[in-house]
Amino acid sequence: MKSFLNKLSIKKKIILYSYLVVTPTMLLISGFLFIKNYKENSRNQIQSNLKTVSSLASSIDMIQAEVMDLSTYICINTKINSILTSSNPGELNKDVRLWLNDAPMQMIQDMVALKGYIKTVAIYPENGVRPYLRCIDSSSYLQNIEQVREQAIYQKTLENKGKVVWQRSNKDSKDTYQANRNDKIVLHRELFDLAKKKKLGYIVIGISADKITHLCENAVQNISQGILVLSSDGTELIRFGKVDDTVAKFLQNDSYITENYKRRTDNFTYKDYHIFAKQNDKNNAIIFKIVAIKDLKSQMLSIAYTPIILLIGFWIGLFPVLIFISNIVSKPLGTICKAMEKFKQGDFNQQVEVVTRDEVGMVAACFNQMVKDIKELINANYVIELRERESELTALQAQINPHFLYNTLDTLYWQAENAGNEEIAENILALSQLFRLVLGEGKGIITVREEKELIYRYLQIQKMRFSKRFDFVIQMDEFILEQNIPKLILQPFVENAIVHGFENTDELGFLSINGYREGNYLLFHIKDNGKGMNSEQVAAICEMEDSMRYASQRIGRYAIRNVKERLELKYKDDFNLEIFSEMSQGTEVVIKVPMSIT
């Protein structure tokens, strides 16, 4: 083999060696792209289907909520209630326009017309008054409540004790209508008096099944997918597309339906299908999107064509390029290869002399520029990394063994408790919790809630130290408590207010810490009524060395200067840190940082 290779021309060697070197790399890249794209596509497929099901569930919930609102209006309307509670139904039945004259049925009819998809409304009184029956699609209801009571759905509604029951009523079915002209989703509901003790009537409202079917149609991408809509008790309301009967039966079993909707799995596989589910509330409809696993896999496998085409295209395109390069590149390429080898070994000072202005010269110039750019990038990243490590070192200098510290403080706490000295025990507990928050877990990013707790424990200890010569208040909007911020960006300013603002003064000190949202930013105000500072002190506070600022007082891990450095590392220029102070007027610190994206 060696003899054969030695006999090849430099042109053929370049082509052969290039393919031998490039092909495995391209195979690895293609394989990596395939795996990466497959996983990403799989994740996107799941997210897309979950989003589709969630959107469909919201749309159906909105329709059901509007129908529920209509039924609730009927239940609470005083004029309708007066008809249902009348003790003289015979007298009322003499008026053939009773419901239009004595109840706001015209308004209800207008509401039905406005919605469009509500096709029938029926009110069956229990006191013998003639029912109100309204159908706008040529259907006709059962004529009296005696006929209604014979239906299974009526008994089911009674068993639900006032809760709404949804049922599908297909065209020409006789369960709710004498004549049903269109498929409907029907609300059944008992009507009680205001005390909910006496049953006054029975409400039936039918909506067009086509309305929900149309929503389901928009939620599927092809005929191999299906949508199943069940009521909260497992009754089938809508089936659209390809829904296997065994899958539908499985989804309607009691063990799945009665499971807490918050803990129910929203996507899972059953037999040959992947199922996506959504239920927004325990009384709302359950929406399922059913997709054949083989279809999902075929869609995801189609992404394999991209890296294969990329690989073949690269092979074909590389050949003429190698022929061209091999004709002119022998010696200059050797020089560049040597320089690249040294560069690979860590010599970032490599520069190739550019003696021609042809393609080889361009490669040499590009190589020189690449080396220069990479060297600058490494230097820049090294400086940033070094600054971050120096900040961490500053923090480590103030840290002792956490476990030893926690165990010791816990021992002191229980000794104080057993001795009956609750105040000392409480202060030791506060100190222990403060150290746990400051030193624990090594987290650099914490929530606003944790920072608030840290400040509270620190102030609790300082209040003991200063013999309660100051008071404080911490107010954080509930909305921002779970937002993430760098650890200890507030405590150093609180500590500065205590150490420098309230020392050597007989007046009662007061410190307020506030946090709230402003647009896409978190805003924190730390304000005290202490001695204050002049402009020179304010300008110098962020530059002063730690050893000078906290010679004898250092509970926090990070100094104020360190806070500014960490904010710069974390947010670059997208933050604001301002200190406002006047002598004898106190000091206010304002910190503004972007909200974390969740």
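A residue counts as buried when its relative accessible area is under 20%. Keep that cut-off in mind as we walk through this predicted model. The protein chain has 598 residues, and 42% of them count as buried. What about the outside? The chain exposes about 33,300 Å², and 55% of that comes from carbon and sulfur atoms.

Now for the overall build. You'll find 22 helices and 19 strands in the chain. If you take contacts between residues at least 6 apart in sequence, 62% of them join residues at least 24 apart.

Let's head inside. In soluble globular proteins, nonpolar side chains tend to be buried together. Here, the largest nonpolar core has 47 residues. Which members touch the most other members? They are Trp99, Ile118, Ile207, Val229 and Ile287. Helix α2, which covers residues 10-76, gives this core its largest share, ten residues. There's also a second, separate core, with 38 residues, and Tyr458, Ile489, Val563 and Tyr571 are among them.

Pick out Ile118 and see who its partners are. Once you set aside neighbours within four places in sequence, Ile118 is in contact with Val67, Leu70, Val112, Ile136, Ile205, Gly206 and Ile207.

Helix α2 is a good place to stay for a moment. Ser71 sits in this helix. Is Ser71 buried or exposed? Its relative accessible area is 0%, so Ser71 is buried. Leaving out residues up to four places away in sequence, Ser71 touches Leu187, Arg189, Ile203 and Ile205. Ile205 is a name you've already met, as one of the contacts of Ile118.

Leu16 belongs to helix α2 as well. Its relative accessible area is 31%, so Leu16 counts as partly exposed. Together with Tyr17 and Leu20, Leu16 makes a nonpolar surface patch of about 260 Å².

Next, hop over to Ser231, in the loop between strands β8 (225-230) and β9 (236-241). Ser231 has a relative accessible area of 3%, which means that this loop residue is buried. What does Ser231 touch, not counting residues up to four places away in sequence? The answer is Trp166, Leu237 and Ile286. Gln167 is 64 residues away from Ser231 along the chain, yet their C-alpha atoms are separated by 7.7 Å. Ser231 also has a partner close by in sequence: a polar contact of 2.2 Å joins its side chain to that of Asp233.

Finally, look at two backbone oddities. Most residues other than glycine have a negative phi. Lys271 isn't a glycine, but its phi is positive, at about 55°. You'll find Lys271 in the loop between β10 (267-270) and β11 (273-278). With a relative accessibility of 56%, Lys271 counts as exposed.

Leu488 also has a positive phi without being a glycine, this time of about 60°. Leu488 lies in the loop between β15 (484-486) and α19 (491-501). Is Leu488 buried or exposed? Its relative accessibility is 0%, so Leu488 counts as buried.

How values were computed: Residues numbered from 1 in each chain as written. Predicted model: local features only at pLDDT ≥ 70, side-chain atom pairs only at ≥ 80, totals over all residues. Heavy atoms only, no water. Core = buried A, V, L, I, M, F, W, Y, C linked by side-chain atoms within 4.5 Å. Buried < 20%, exposed > 50% of the residue type's maximum accessible area, 1.4 Å probe, protein only. Helix = DSSP H or I, 4+ residues; strand = E, 2+ residues; numbered from the N terminus. Contact = heavy atoms within 4.5 Å. Polar contact = N/O pair within 3.5 Å; in protein donor to acceptor, adjacent residues only side chain to side chain. Areas by Shrake-Rupley, 256 points an atom, 1.4 Å probe, with all protein chains shown as cover. Patch = residues over 30% accessible without salt bridge, like charges linked within 9 Å, V, L, I, M, F, W, Y side chains within 5 Å. Salt bridge = Lys/Arg side-chain N within 4 Å of Asp/Glu carboxyl O.
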